Amino acid sequence: MNINGKSHRTIWLHPKNNLVFQIIDQRHLPHRFVIADITTAKEGARAIEEMWVRGAPLIGATAGYSMYLAALEASKSGDFEAYMEDAAKMLLATRPTAINLHWAIKRQQKAIEGVENIEDKVRIALQTAKDICEEDVVISENIGNHGLELIEAISELKSGEVVNILTHCNAGWLATVDWGTATAPIYKAHDKGIKVHVWVDETRPRNQGARITAWELGHHGVPHTVIVDNVGGHLMQHGMVDMCIVGTDRTTYTGDVANKIGTYLKALAANDNGIPFYVALPSTTIDWEISDGLMIPIEERDASEVTYIQGLHEQEIKQVLLTPDSSPAANYAFDVTLARLVTGLITEKGVCEASEKGIRDLFDSK
Ligand code: MRU
């Protein structure tokens, strides 16, 4: 998508150095646009854990490139297989909820297993990392095309009046390689001339909505308004939300959805007010082994993300203490919205019911 009129992705191989990949370092958004070089698998793991990159599909893409760097390192280590196994373990330990992390690591492991020559393994790992990214772009764009139909239908029902869409966290292009999941249909609709307006939940504690979703929508010229996390229910009661579209970090094959903390409360409010609640996802986010969403591991992050807040003060990005020094804080990063609260899943293959049947009908090869 565009930043100041220039097309960007969130991750790419360094154009002049095949041994390095580059990312947009999202810790600095929206105040600074910083590109970071990732030169080792360990740095890749750090970028995921400390959320220089975030969002399930982008975590997967970063893990893909980090496995390539691990293969480069392993080729000089004397024991290729052991090095790769340790690298996979290190990457897997970074963030427990987004299943794309597991998916991308497994995909790399499968791609190189059985390949005899170490140089070939490294070459294949690079190609696989690139493929993961290219495929993610196509998947996200297709999510956009399918979700567009839902927005178009609401726009027609409203005789072309503005369609108000509420979203939570950042399931935008900055959470993927390009386009986004929840935002892809919004960009498609906006580009087609459909009037849309987005209510952007700020998404405490890390404020991915206020910092990142607002920034990317603004750069694409999509009308939006940032709200604090507790406003959604009020807006819904007053007819100010036509639909919700959120992303997901892991979706069970039965249609339960783990997404950024607070998503569940929005789904409850939408349900109570008869507002459609859609979840946009690439099939790489489906967990084919867990049937009950409440079994999904929920990441707990450092309490300092709750007790402090980050912002720009006198041109410097600062952390400010919010709570009494001595008060403990809890930081659950995700919650689960059960399938019965989800109107539909917007996938790269079409929109389906949030149920095992709905998912298997679209992705029957699994
Ligand atoms: O903790 P994050 O920022 O990695 O979490 C990301 C989310 O929860 C997104 O909202 C999302 O829907 C998944 S990524 C498309």
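Me: How far is an oxygen atom of the ligand from an N or O atom in the side chain of Q208?
Reply: This is a predicted model, in which local features need pLDDT of at least 70 and side-chain atom pairs count only at pLDDT 80 or more, while totals for chains, interfaces and linings use all residues. Residues are numbered from 1 along each chain as its sequence is written, and side-chain values use heavy atoms, with hydrogens and water left out. For Q208, whose contact is polar (a pair of N or O atoms within 3.5 Å), the distance to the ligand oxygen is 2.9 Å.

Me: Which residue offers the ligand a backbone N or O atom at 2.8 Å?
Reply: K260 uses a polar side-chain atom, which lies 2.7 Å from an oxygen atom of the ligand. The backbone atom placed 2.8 Å from a ligand oxygen belongs instead to G55.

Me: How much of the ligand does the protein bury?
Reply: Taken alone, the ligand exposes 410 Å², an accessible area that comes from the Shrake-Rupley method with a 1.4 Å probe. Of that area, the protein buries 100%.

Me: Why does the ligand lie between two domains, and which are they?
Reply: There are 19 residues around the ligand, a residue being near it if one of its heavy atoms lies within 4 Å. Both domains, whose bounds come from an automatic or database assignment, give residues to this shell, so the ligand lies between domain 1 (2–135) and domain 2 (144–362).

Me: What is omega for the cis peptide bond between R204 and P205?
Reply: The peptide bond from L29 to P30 is cis, with omega near 5°. For the cis bond that joins R204 and P205, omega is about 10°.

How values were computed: Polar contact = N/O pair within 3.5 Å; in protein donor to acceptor, adjacent residues only side chain to side chain.
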